Amino acid sequence: MTINPIVIAKVKMNNSYVYALDFDGVICDSAVETAITGWKAAASIWDDMPKAVPQITIDQFRLIRPIIETGYEAILAMRLLYLGETVEAIYGDYGNKIEALLQDSQVKVDDLKKLFGETRDVWIENDLADWINMNPLFDGVAEKLRELGQLCPWYVVTTKQERFVKQILKAKAIDFPDGRIFGLDRNMSKVEVLAGLLKTHPGETIYFVEDRLPTLLNVSKNSGLTGVKLIFALWGYNTAEDKALAAQHDFTLQQLDGFLKL
């Protein structure tokens, strides 16, 4: 039997790299679902908030989504929007406004994380199809991930709780090992996860795709991660200012149509 040497070369090449992918803003456009979950959770803390979230507030949340790092922050962001804070005001002083709200309401971050996950769990239990519909993958991503899984190892590196990532990927018919999801449950920073992947895949090139500029900047400052290639997802939750700043760094700026070009 004659084996095509070109095919062999391609397989060897593909086995020499690994993808580490952020989830929200890279794989999944979860902004609307995050807004609704955040509102529902906030309404369970502050009883002056109606149960139904206004569409205008969802639209405002999408605008401030780029500054939100972890899902539970959506609870506080939706509360701020309900209290009449403008998108511009939240952008201008996000950290202080969040901290003041935490102090004023006497709620703890760990409790908010738990509440956010439980609120999602209730939604899923009551209407899984609706929850899945609110978590669409970006155009063409599902097909690219199915192909990627045939060519090289890939991981999800996210601040989302792992069970939600699993459910979304399963619903999109993407076969993916549980052990390759590094989520909020592990209490590991993305820097720590990437450092671990370098040890797991010695001699292989790791491509990290992320839509949050602060995360990429943090990774780029770590001397132990110089072997990780950093890709800034322009289609994700970032601003025009983020894009301009990213262009000043040694990142690959990528559009959605170039994502996972194999």
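Let's call a residue buried when its relative accessible area is under 20%. Keep that cut-off in mind while looking at this model, which is a predicted one.

Start with helix H12, which spans residues 213-220. Four of its residues, Leu213, Thr215, Leu216 and Val219, are buried. They sit on the same side of H12, because the arc they cover around the axis is only 160 degrees. The spacing makes sense: an α-helix has 3.6 residues a turn, so residues three or four places apart point the same way. And what lies over that side? The cover on the buried residues of H12 includes H11, strand E4 (205-210), strand E5 (228-233) and helix H13 (240-246).

H11 takes us to the next stop. Helix H11 covers 190-200, and the loop between strand E3 (181-182) and this helix holds asparagine 187. Asparagine 187 isn't a glycine, yet its phi is positive, near 55 degrees. Is this residue buried or exposed? Asparagine 187 counts as exposed, because its relative accessibility is 66%.

Now hop to leucine 260, in the segment after strand E6 (252-254). Here too a residue that is not a glycine has a positive phi, of about 55 degrees. Leucine 260, though, has a relative accessible area of 5%, so it is buried.

Last, swing over to glycine 84, in the loop between helix H4 (73-82) and helix H5 (87-92). With a relative accessible area of 54%, glycine 84 is exposed. To get a feel for the distances, take leucine 230 as the other end of your ruler: its C-alpha atom and that of glycine 84 are separated by 37 Å, and the two residues are 146 residues apart along the chain.

Definitions and conventions. Residues numbered from 1 in each chain as written. Predicted model: local features only at pLDDT ≥ 70, side-chain atom pairs only at ≥ 80, totals over all residues. Heavy atoms only, no water. Helix = DSSP H or I, 4+ residues; strand = E, 2+ residues; numbered from the N terminus. Buried < 20%, exposed > 50% of the residue type's maximum accessible area, 1.4 Å probe, protein only. Arc of directions from axis to C-beta. Contact = heavy atoms within 4.5 Å.
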